[in-house]
Amino acid sequence: MSRLDSAIRRLMAQRACLDLARDLLAGTPGHVFELGLGNGRTYDHLREQFPDRGIFVFERKISAHPSCIPDDAHLFLGDVLERLPAVTARFAGAVALVHADIGSGVTEDNRRLAARLSPLLAPLLAPGALVVSDQQMTLPAATPVALPEGVASGRYHMARTAG
């Protein structure tokens, strides 16, 4: 598969999983965390799908389209592994959705990052929260969610906490 085809499939899977998350989270209160802003496409989609929720973005360095940059109150700049612990007291148990598009293309680096992120996410998650990620997270208090039709196993991952 060409890298172009792979990117297209990843983006289609991402959109399908986030749209499913919107449906599954109807009636579940809580904020949205976007781990990695990139160029802002996913953040822009999240704003459309979750217009009444606080969407907080964690990004090392801003390089997004100007219309897709959150205001300072919703943006945490720096290393996500340092920033998440710094906001845990503020957001403990109040995050309904975490979207993490953190893959670098280096399998072992991705595994290590997902393993380090997973325990940082757990205390943030509200009852019934979803974690949607391009990497497999290890969340003992969460169960896998069936992927939307057309999304290949392993392409994206979804897990939900007990609610």
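**Notebook: burial, rings and helix packing**

I began with leucine 124, which at 0% relative accessibility counts as buried. The model is a predicted one, and I read every value below in that light. Leucine 124 sits in the loop between H4 and E5. I listed its contacts, leaving aside neighbours within four places in sequence, and found Phe33, Leu84, Val87, Thr88, Phe91, Ala92, Gly93, Ala94 and Val95. I also looked up its separation from proline 148: the two are 24 residues apart along the chain, and their C-alpha atoms are 25 Å apart.

**Aromatic rings**

Two of the contacts of leucine 124 are Phe33 and Phe91, and I turned to these rings next. How many aromatic pairs does the model hold? The count comes to 7. Phenylalanine 33 and phenylalanine 91 form one of these pairs, with ring centres 5.1 Å apart and planes at 80°, which makes the pair edge-to-face. The pair joins distant parts of the chain, since phenylalanine 33 belongs to strand E1 (residues 31-35) and phenylalanine 91 to helix H3 (residues 80-91), 58 residues apart. Phenylalanine 33 is buried at a relative accessible area of 0%, and phenylalanine 91 is likewise buried at 2%. I then followed the ring pairs outward and noted a cluster of Phe33, Phe56, Phe58, Phe76 and Phe91.

**Cysteines**

I checked for disulfides and found 0. Cysteine 17 is buried, with a relative accessibility of 0%. Cysteine 68 is buried too, at 8%.

**Helix H2**

I asked which residues of helix H2 (residues 41-49) are buried. They are Thr42, Tyr43, His45, Leu46 and Gln49. Viewed down the axis of H2, these residues fall within an arc of 160°, so they line one face of the helix. The general rule I had in mind is that an α-helix has 3.6 residues a turn, so residues three or four places apart point the same way. On the other side of H2, I found Arg41 and Glu48 exposed. The cover over the buried residues of H2 includes helix H1 (3-24), E1, strand E2 (55-59) and strand E4 (95-100).

**Helices H3 and H4**

I looked up how H3 and H4 pack, and recorded an angle of about 5° with the axes 10 Å apart. Angles under 35 degrees count as roughly parallel, and H3 and H4 are therefore roughly parallel to each other. From H3, the contact is made by Val80, Leu81, Leu84 and Pro85; from H4, by Leu113, Arg116, Leu117, Leu120 and Leu121. Leu84 had already appeared in my list of contacts for leucine 124.

**Arginine 111 and alanine 141**

Is arginine 111 buried or exposed? Arginine 111 is exposed, with a relative accessible area of 54%, and its place is in helix H4 (residues 107-121). From arginine 111 I went on to alanine 141: the two are 30 residues apart in sequence, and 19 Å separates them in space, C-alpha to C-alpha.

Alanine 141 lies in the loop between strand E5 (125-133) and strand E6 (142-144). Alanine 141 is exposed, at a relative accessible area of 62%. What does alanine 141 touch, not counting residues up to four places away in sequence? I found Arg160, Thr161 and Ala162. For alanine 162, 21 residues from alanine 141 along the chain, I noted a C-alpha separation of 7.0 Å.

Key: Residues are numbered from 1 along each chain as its sequence is written. This is a predicted model: local features need pLDDT of at least 70, side-chain atom pairs count only at pLDDT 80 or more; totals for chains, interfaces and linings use all residues. Side-chain values use heavy atoms; hydrogens and water are left out. Rings of Phe, Tyr and Trp (its six-membered ring) pair if their centres lie within 6.5 Å; planes under 30 degrees apart count as stacked, over 60 as edge-to-face and the rest as tilted. Helices (H or I, at least four residues) and strands (E, at least two) are DSSP runs, numbered from the N terminus. Buried means under 20% relative accessible area, exposed over 50%, partly exposed in between (1.4 Å probe, protein chains only). A disulfide is a pair of cysteine sulfur atoms within 2.5 Å. The arc is that of the directions from the helix axis to the C-beta atoms. Contact means heavy atoms within 4.5 Å. Axes are lines fitted to C-alpha atoms, for helices over the stretch in contact, and angles run from 0 to 180 degrees between N-to-C directions. Angles under 35 degrees count as roughly parallel, over 145 as roughly antiparallel, 65 to 115 as roughly perpendicular and the rest as oblique.
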